[in-house]
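Reader: I should be grateful for a close look at one part of this model, namely the protein surface that meets one of the DNA strands. Please set out the contacts in a connected account.

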2 protein chains.
Amino acid sequence: MSAKDGNTLDRILDTAESLMQTRGYNAFSFRDLAKIIEIKPASVHYYFQNKGDLGKALVMRYSKRFETARDCLDRLNVTSAEKLDRYVDLLSDGFQLKGRMCLCGVLAAEASTLPSDVVEEVRTFFVANETWLATLLESGRQSGDLRFEGAAIEAAQSLFAALEGALMSAWTFSSNARLNAAGKWLVASLKT
Amino acid sequence: MSAKDGNTLDRILDTAESLMQTRGYNAFSFRDLAKIIEIKPASVHYYFQNKGDLGKALVMRYSKRFETARDCLDRLNVTSAEKLDRYVDLLSDGFQLKGRMCLCGVLAAEASTLPSDVVEEVRTFFVANETWLATLLESGRQSGDLRFEGAAIEAAQSLFAALEGALMSAWTFSSNARLNAAGKWLVASLKT
DNA sequence: GTCTATAAGATGATAGAC
DNA sequence: GTCTATCATCTTATAGAC
């Protein structure tokens, strides 16, 4: 480590994550990143040979954090409807607390311009969330505190996409109110 | 006009629209555009002084087309529920028929990196669609063929964001099936 | 209207010194 | 590990000839 505190790798990851969440993949550069953490662009290449490697690492780390958070929700002793509310909060937190888009939401929009292994990780993030939501929804339907028609996986895919859309709309208008309203509206239609 | 048929301005607009819908704002350049229509980048600057001007013109043209299409829907002699189905088709068409994202959906994700007048036009597109949807939803609620809780404008904002999210998810997975399923699922919860 | 020429700066990377 | 130096290439323009 040379500048500031902490190790360089973590500082690269944290700063790059913030940049990608706010600017997307194509509008951020190693230079921007290096400038902020006060190292040289070449030093970033020591940790990540190229931009795609960094992107992939960021999405994987982001995905793992969400997996951990979903695991925490699983251990809560509350109704499915309550878990769903908390899950919406989880997805919303990055925007509400830090003014950032969902990392995988921004990257999804840029999908066709990303290195293929980065898109693959983004898809993995989507699928992991959809799968978890499908289980939650089905479980809520069984216990009677959630209601929806058709296959749980289709409901889950639709709901997750809708939540990402709500984030994108809130992002475009810089509006917490929009995100809150949309989140509540989407969940309300699932409650019995 | 010099190359191919038609006038250069229209060819610039059509090609740039396609590029922006598939790559977004930051991953397309005047060079890419000029190469496709076989003119020089400098010639593009004759029509649009800078990239932001082109972006703004594209969003305005896109918005107008949607306005016209919504007007057509308004003149149909069908139920609100049926109009809603057709509106979902309208939003889906660009993806289903041409494999493109919604122009304003991609740009929304890049909002923080766009020239301010481009973001403004994107917001205008959102608001126009939300406003139209709010009227449709309220009208459907009155006539009894649509059902939802709360203010129509909030439902409309949530629904529009959800549809844009469905497009983004379909875009990420290159999947018509995802878009169809999500569209139907969202609308189904509104039908009585 | 379209071109050539050109500019200043950004970008993604690499080689090799320290 | 971090740096300097350097790279080829791209990007967003502008000036001015044709």
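Author:
**The surface near DNA strand D**

In this predicted model, a phosphate oxygen of DNA strand D is 3.1 Å from an N or O atom in the side chain of B:Ser29. A polar contact is a pair of N or O atoms within 3.5 Å; within protein, one must be able to donate a hydrogen and the other to accept it, and residues adjacent in sequence count only if both atoms are side-chain atoms. Chain A contributes too: a polar side-chain atom of A:Tyr47 lies 2.5 Å from a phosphate oxygen of the strand, and one of A:Tyr46 lies 3.5 Å from a phosphate oxygen.

The elements giving two or more residues to this surface are helix H3 (41–47) of chain A, and helix H2 (30–37) and helix H3 (41–47) of chain B. Helices here are DSSP runs (H or I, at least four residues), numbered from the N terminus. H3(A) gives the most, with four residues.

A residue is near the strand if one of its heavy atoms lies within 4 Å of it. Of the 17 residues around DNA strand D, those that come nearest are A:Thr8, A:Lys40, A:Ser43, A:Tyr47 and B:Lys51. The surface divides into seven nonpolar, seven polar and three charged residues; Tyr counts as nonpolar, Lys as charged, and Ser and Thr fall among the polar. Of the strand's atoms within 4 Å of the protein, 76% belong to sugar or phosphate and the rest to bases.

Local features need pLDDT of at least 70, and side-chain atom pairs count only at pLDDT 80 or more, while totals for chains, interfaces and linings use all residues. Side-chain values use heavy atoms, without hydrogens and water.

Conventions:
Residues numbered from 1 in each chain as written. Chains lettered and ligands numbered in written order.
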